[in-house]
Amino acid sequence: MFATSLGSDGAELCPLQPWQAEEFLAHVNRGREFIGRFNGLPDVVTDLPAARSFLTAYAGKEAADVGLIRGIRLDGTLVGAVILRRMDVAQGTAEAGCWLEPAAVGRGLVTRAARLLIDWAIRERGIHRVEWWVSAGNAPSIAVAGRLGMRKEAVLRESYPYRGERHDEEIWSVLAPEWTGGAGGAGG
């Protein structure tokens with residue numbers, strides 16, 4: 001219910017609410033190691049109360065108009081998500097993010113879902129700048145940023161510790177005047 005088609009392959013973008021915590025936890029468990037290579041989600045969502053708390057926090061963000069989460073479903077199964085980790089409508093800024101479990105990789109799901117999310121943020125909420133913060137080692141996520149027409153702006157060298165190692169982080173962004181819906185990049 002309330003799903004948006006992501007194409008003819010049965011993929012959909014849909015709300016993800018606290019009452020779906022059990023399904024969300026099962027999804028995280030299926031992808032725990034894979035997702036955790038670059039994303040701290042599996043370290044936060046460790047059991048059912050934590051899954052419910054995570055989704056409740058995003059429900060609160062959406063109610064306060066400061067962020068949101070949308071699930072990516074493939075043939076009815078939750079396989080990933082896209083998020084606005086933060087959104088400041090007054091300042092016109094937002095930060096998008098994503099993850100997928102391994103069975104869903106390589107189908108363009110994140111690109112399609114993030115395109116819809118960013119388009120909504122820019123066209124409906126008036127966001128001027130959407131950022132994509134990504135570990136410099138996460139080549140698939142960097143490729144998504146490029147497909148969305150984002151530009152690499154910076155590398156924050158050894159900016160954060162994760163699982164006992166310091167990591168570089170890249171910042172990519174797209175501005176509203178450049179946004180073309182992610183088809184062919186900014187301005188094209």
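These legends go with close-up views of a predicted model.

**View 1. The open sheet and its edges.** Eight strands, written 8 in the count, make an open sheet with mixed pairing. Reading across, the order is β1-β2-β3-β4-β5-β6-β8-β7. At the edges sit β1 (4-5) and β7 (151-162), each of which pairs on one side only. As general background, strands of a sheet pair through backbone hydrogen bonds, either parallel or antiparallel.

**View 2. Where β6 meets β8.** Zooming in on this part of the sheet, β6 and β8 run antiparallel and are joined by 7 bridges. Ser-135 stands opposite Glu-169, the latter in β8.

**View 3. Helix α4 from end to end.** This helix covers residues 109-123, so to speak 15 residues in a row. From first C-alpha to last, α4 reaches 21 Å, close to the 21 Å expected at 1.5 Å a residue. Plenty of α4 residues are listed as buried, among them Leu-109, Val-110, Ala-113, Ala-114, Leu-117, Ile-118, Ala-121 and Ile-122. Thr-111 and Arg-112 are buried too. In general, residues three or four places apart point the same way, because an α-helix has 3.6 residues a turn.

**View 4. The largest nonpolar core.** There are 35 residues in this core, and Ile-72, Trp-132 and Met-150 touch the most other members. Elements giving two or more residues include β3 (68-74), β4 (77-88), β6 (129-135), α5 (139-147) and β8 (165-175). Helix α4 supplies the largest share, with 8 residues. A second, separate core has 17 residues, including Leu-25, Phe-54, Tyr-58 and Ile-83.

**View 5. An edge-to-face pair, Phe-54 with Trp-99.** The whole structure holds 4 aromatic pairs. In the one shown here, the ring centres of Phe-54 and Trp-99 lie 6.3 Å apart; the planes meet at 65°, over the 60 degree cut-off, so the pair counts as edge-to-face. Phe-54 belongs to helix α3 (residues 48-63) and Trp-99 to strand β5 (residues 93-100), so the contact ties together parts 45 residues apart in sequence. Are these two rings buried or exposed? Phe-54 has 15% relative accessibility, so it counts as buried, and Trp-99 counts as buried at 6%. Zoom out a little and Phe-24, Phe-54, Tyr-58 and Trp-99 turn out to form one aromatic cluster.

**View 6. A charge over a ring.** Here the charged end of Arg-37 sits over the ring of Phe-34. That charged end is 4.1 Å from the centre of the Phe-34 ring.

Definitions and conventions:
Residues are numbered from 1 along each chain as its sequence is written. This is a predicted model: local features need pLDDT of at least 70, side-chain atom pairs count only at pLDDT 80 or more; totals for chains, interfaces and linings use all residues. Side-chain values use heavy atoms; hydrogens and water are left out. Helices (H or I, at least four residues) and strands (E, at least two) are DSSP runs, numbered from the N terminus. The expected span of a helix is 1.5 Å times one less than its number of residues. Buried means under 20% relative accessible area, exposed over 50%, partly exposed in between (1.4 Å probe, protein chains only). Rings of Phe, Tyr and Trp (its six-membered ring) pair if their centres lie within 6.5 Å; planes under 30 degrees apart count as stacked, over 60 as edge-to-face and the rest as tilted. A charge sits over a ring if NZ of Lys or CZ of Arg is within 6 Å of the ring centre and within 35 degrees of the ring normal. A nonpolar core is a set of buried Ala, Val, Leu, Ile, Met, Phe, Trp, Tyr and Cys residues joined through side-chain atoms within 4.5 Å. Two strands pair if DSSP finds at least two bridges between them.
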